[in-house]
Amino acid sequence: MREEEKRSSQDKSKNSFFKKRWVYPTVYIASAAIILTGVLWYQNSGTDQLDQSEYKATDMPGKKMNDQPAVEVNRAMENFVMPVVNEDDAVVQMGFYDNDGDAAEQEAALVFYDNTYHPNTGLDIAAKEGKEFDVIASLSGTVTNVMEDAVLGNVIEIEHDKGIVTQYQSVKDYQVKVGDQVEQGQVIAKSGTSLINEKAGNHVHFEIRKDDVPVNPHEYFNKPLSALQDANVTEEKASSDADAGKSEDAAEEDVEGSSEEDAEGTTPSEEDAEGTTPAEDKPAEGGSDKKDEDKDAGEDKDKDSSTDSDTSTNS
């Protein structure tokens, strides 16, 4: 009897529990939360597996993501700057030889070395006080050449784009090597001297080249790399090659040519001299006429004398 009473009491408590209003809603909400949690967990676990597979795929050796080369946006937006830390303290010792410049500017941009005049293909930049200074990269790029050269005073070449490079000559204590990636404004060397332009003293010779053709750096300072990429420098190369390496012998040839022209220019005076020949002959003609007149006068005199003699004889 007691066991039956216990069972009946338990059944009554269960029935009374489920008869409460909040029991079933609570059960439904809990079930929904459990199901939703399971779905989200499954989705997240699938995404993690996908990401891990993609990372492993990119790390595979020899795998190419695409065939297009990466474009360095920051470098394309950089502007060319002077290769010095403080531009206000810099002075241009010798400018770029511009084929379209006036005669005075071209003469000032000629470098005399080894009995030969060379057009200056860059800018010779020095400090106002003539002191040694840090040489910086004008633009970010890759170092492609570091060369010791006594005549040029050592050379550093940095490539910024295909065919576009900057050169830094007359430098020493360089702090970069071939293959280094340099940033704009990074110190790459110290200013120095060169044999080809001893008059410049302590300086750096700075060049900007496109397809091995030097361009005037002044025209591209504070301008982006794209400005030089779009420029056409083919004609400048032809004129530069024509003017490069003009020696004193060539200058003498020019002088001789002008002398010959002057000599030819004096030819008309010789013609004038020949033209005076008839004038010189005129006195001779006049003299012959005078002789003829004198001869006639002599004949008349002889006739008179003969007449006088006949008259005297008759008398």
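1. Let's start with N216. In this predicted model, N216 sits in the loop that runs between strand 13 (213-215) and helix 5 (225-229). Its relative accessible area is 13%, so N216 counts as buried. The N216 side chain also has a partner: it reaches the backbone nitrogen of H218 at 3.1 Å.

2. The loop between strand 13 and helix 5 also holds F221, while F206 lies in strand 12 (residues 204-210), so this ring pair ties together parts that are 15 residues apart in sequence. Both rings are tucked away: F206 is buried with a relative accessible area of 0%, and F221 is buried at 11%.

3. On the aromatics in general, the structure holds three aromatic pairs. One of them is F112 with Y117, whose ring centres are 4.9 Å apart and whose planes meet at 55°, so that pair is tilted. F112 is partly exposed at 41% relative accessibility, and Y117 is partly exposed too, at 33%. Back to F206 and F221: their centres are 6.1 Å apart with planes at 15°, so they count as stacked. Ring pairs also bring in Y168, which joins F206 and F221 in a cluster.

4. Now for D88, in the loop between helix 3 (73-77) and strand 1 (90-94). Is D88 buried or exposed? With a relative accessible area of 63%, D88 is exposed, since the cut-off for that label is over 50%. If you want a landmark from elsewhere in the chain, take A127: it is 39 residues away from D88 along the sequence, and the two C-alpha atoms are separated by 9.2 Å.

5. Next, the annotation. An unreviewed UniProt entry lists residues 21-42 as "transmembrane region". In the model, that stretch is 91% helix and 0% strand. The C-alpha atoms at the two ends of residues 21-42 are 33 Å apart.

6. Finally, a word on confidence. The mean pLDDT of the protein is 74, and 58% of its residues reach 70 or more. Residues 53-61 stay under 50 throughout, and the model gives them three contacts beyond four places in sequence. Over residues 303-315 the pLDDT is also below 50, and that stretch has zero contacts beyond near neighbours in sequence. Where pLDDT is low, the predicted coordinates should not be read in detail. I'd keep that in mind when looking at residues 53-61 and residues 303-315.

Terms used:
Residues are numbered from 1 along each chain as its sequence is written. This is a predicted model: local features need pLDDT of at least 70, side-chain atom pairs count only at pLDDT 80 or more; totals for chains, interfaces and linings use all residues. Side-chain values use heavy atoms; hydrogens and water are left out. Helices (H or I, at least four residues) and strands (E, at least two) are DSSP runs, numbered from the N terminus. Buried means under 20% relative accessible area, exposed over 50%, partly exposed in between (1.4 Å probe, protein chains only). A polar contact is a pair of N or O atoms within 3.5 Å; within protein, one must be able to donate a hydrogen and the other to accept it, and residues adjacent in sequence count only if both atoms are side-chain atoms. UniProt positions are given in the numbering used here, feature names are shortened, and annotations may be inferred rather than shown by experiment. pLDDT is the predictor's confidence in each residue, from 0 to 100. Contact means heavy atoms within 4.5 Å. Rings of Phe, Tyr and Trp (its six-membered ring) pair if their centres lie within 6.5 Å; planes under 30 degrees apart count as stacked, over 60 as edge-to-face and the rest as tilted.
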